[in-house]
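Please open the structure in your viewer and keep the selection panel at hand. The tour proceeds from pockets to a helix pair and then to a cavity.

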Amino acid sequence: MRRPQGALLPPVSSARVRRGDVYRALRAALLDGTLPPGERLPSTRQAATDYRVSRGMLEEVFAQLTEEGFFERAVGRGTYVAPTVSRLSPPAKAKAGQRHSASRRGQRVAANATCREPDVTRPFNAGTADTSEFPWKIWQRLQVRAMRELGQAALNFADPRGLPQLREAMARYLAQLRGIRCASGQVIVFNSAQQALHALAVLLLDRGNAVWIEDPCYPGARAAFELAGAEILASPVDDKGLRVDIHAPRSARARLAYVTPSHQYPTGVAMTLERRIALLDWAGRNHSWVVEDDYDGEFRYEGQALTALYSLDTQARVLYVGTLNKAMFPSLRLAYAVVPEELVEPLANIRTQLDGFTAAASQFGMALFMDEGHFSSHLRRMRLVYGAKRTMLVEGLAPLAALGWTWPRNAAGMHLLVRHGRGDYVRAVAAASSLELALLSSYRVARTSGEGLFLRFGALDAASLRAGTEELVSTAKQIKE
């Protein structure tokens with residue numbers, strides 16, 4: 001009686017069959033159930049003939065799969081698929097309507113996509129830097145120089161606090177542009193302001209601690225605090241900034257307050273000096289921290305940059321967070337925090353648990369870019385570019401004023417919030433338009449009356465900005481009529 005030669009083995013789609021090709025084909029067949037438990041395999045001689053390779057190669061493959069526990073081999077009996085492979089059967093397809101069990105917190109945080117940048121830039125989703133004006137050749141030259149001077153050190157781990165060269169350059173820049181006096185040892189480098197907020201939340205908050213935030217608020221900040229298990233206390237924002245008087249009794253137990261005082265996100269208003277002083281008094285009285293997010297402080301188009309809250313602080317309660325990604329380009333991934341020196345090492349330790357460090361080459365290249373004066377020149381040029389875009393947007397929106405629309409006079413940043421008292425009208429305009437218009441309500445913590453459209457224009461060219469503005473005005477007029 002002729003002895004059976006075993007199962008047919010899966011084909012290998014390669015002109016020249018290699019050991020790895022055979023191994024991967026067999027392993028895939030085991031994992032997807034094509035070769036079920038108990039299936040008898042052909043001899044290595046027969047398998048080598050089928051694959052047209054050497055028997056020695058098949059012996060190596062069979063030996064490895066046996067060692068991993070996929071095959072069982074016995075002299076005189078042959079080679080079989082091991083019974084334990086049954087545990088690796090492919091998962092059943094989810095039934096219609098079936099949901100996988102993410103945590104409630106995970107579902108809540110994941111449901112908010114307002115921090116996610118769009119794949120395609122169009123009106124009005126473009127709140128990032130305009131890279132068409134970036135001095136690429138200068139940056140390229142400095143990156144080559146950075147790699148040359150760093151040598152093999154560019155391939156190793158970098159200081160989680162940031163390269164000394166960049167921290168020193170950042171301290172000089174903050175003193176010159178923002179009037180912030182700090183030692184380079186107080187600066188710690190991150191990949192983004194979002195990462196800095198997350199690290200600060202982990203360091204400073206215990207689960208259940210209260211955090212005082214603006215309403216509406218930057219969603220990324222709220223997410224960072226919620227991920228740390230904080231209780232959110234939200235106070236409304238009016239044309240003078242955060243209402244410091246709201247929730248005053250409850251805020252006394254807040255461990256931390258988060259504000260965007262120079263250009264409130266997303267309303268665009270600036271916090272008055274009176275309210276800044278009141279917030280600092282609150283922090284000193286309650287021994288609480290204030291996180292100042294100065295996400296676009298470089299871009300003010302009338303007069304000088306507003307005084308940072310950090311510069312008014314006499315009790316070292318303000319933690320200053322900023323980013324270079326808006327001033328330079330999105331993929332730079334360089335941001336920073338200025339904190340008391342006693343917080344630097346703990347933050348660095350937390351940073352190593354998040355993602356380790358920021359690449360040395362980009363840090364050193366940025367330090368050279370700043371030290372040679374290119375950064376200040378680029379900022380001056382981009383202020384003119386973004387200022388002109390904002391002017392074009394405001395002038396184009398002028399007809400909306402007669403329909404009851406309003407916007408802040410604080411000429412700063414790369415976005416503009418246009419508001420109207422009738423929320424149903426605003427939502428109707430957003431629904432009828434082909435533009436990407438974010439609603440103010442998606443940035444709110446509490447449900448309140450009044451609605452608005454969040455217009456991000458930083459990366460738009462003049463033609464797209466003009467066309468988007470014209471369509472928005474036309475849609476608003478049609479809906480009103």
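Select Cys115, Glu117, Thr128, Tyr218 and Lys326 in this predicted model. Of the 26 residues that line the largest pocket, these five lie nearest its centre. Next, add helix H7 (193–204) and strand E14 (451–456), the elements that give two or more residues to this lining. The space within the largest pocket amounts to about 720 Å³. Colouring its lining by class will show ten nonpolar, nine polar and seven charged residues.

Now turn to the second largest pocket, which holds about 360 Å³ of space. Centre the view on Val109, Asn112, Pro219, Ala223 and Glu226, the residues nearest the middle of this pocket among the 20 that line it. Then display helix H4 (104–110) and helix H8 (219–227), each of which supplies at least two lining residues. Which element gives the most to this lining? Helix H8 does, with seven residues. By class, the lining of the second largest pocket comprises eleven nonpolar, five polar and four charged residues.

The next stop is a pair of packed helices. Two such helices are described by the angle between their axes and the distance between those axes. Select helix H13 (residues 360–371) together with helix H14 (residues 374–397); the two pack at an angle of about 75 degrees, and their axes are 5 Å apart. Because angles of 65 to 115 degrees count as roughly perpendicular, H13 is roughly perpendicular to H14. To inspect the contact, show the side chains of Met366, Phe369 and Met370 in H13, which meet His374, Phe375 and His378 in H14. This contact has four nonpolar residues and two polar ones, with no charged residue.

Finally, proceed to the cavity. How many cavities of 30 Å³ or more does a search of the whole structure find? The search finds one. About 70 Å³ of space lies in the largest cavity. To outline this space, select Arg178, Ser262, His263, Asp296, Gly297, Phe299, Arg300, Ala305, Leu306, Asn410 and Ala412, which line the cavity. Colour this selection by class as well: the lining has four nonpolar, four polar and three charged residues. Arg178, Asp296 and Arg300 are the residues to pick out for the charged class.

Conventions:
Residues are numbered from 1 along each chain as its sequence is written. This is a predicted model: local features need pLDDT of at least 70, side-chain atom pairs count only at pLDDT 80 or more; totals for chains, interfaces and linings use all residues. Side-chain values use heavy atoms; hydrogens and water are left out. On a 1 Å grid over the protein atoms alone, a cavity is a set of points where a 1.4 Å probe fits but cannot get out, and a pocket is an open set with protein on both sides within 12 Å along at least five of seven lines; lining residues have an atom within 4 Å of a point. Grid points are joined across faces, edges and corners, and a volume is the space filled by probe spheres set on the points. Helices (H or I, at least four residues) and strands (E, at least two) are DSSP runs, numbered from the N terminus. Axes are lines fitted to C-alpha atoms, for helices over the stretch in contact, and angles run from 0 to 180 degrees between N-to-C directions. Angles under 35 degrees count as roughly parallel, over 145 as roughly antiparallel, 65 to 115 as roughly perpendicular and the rest as oblique. Contact means heavy atoms within 4.5 Å.
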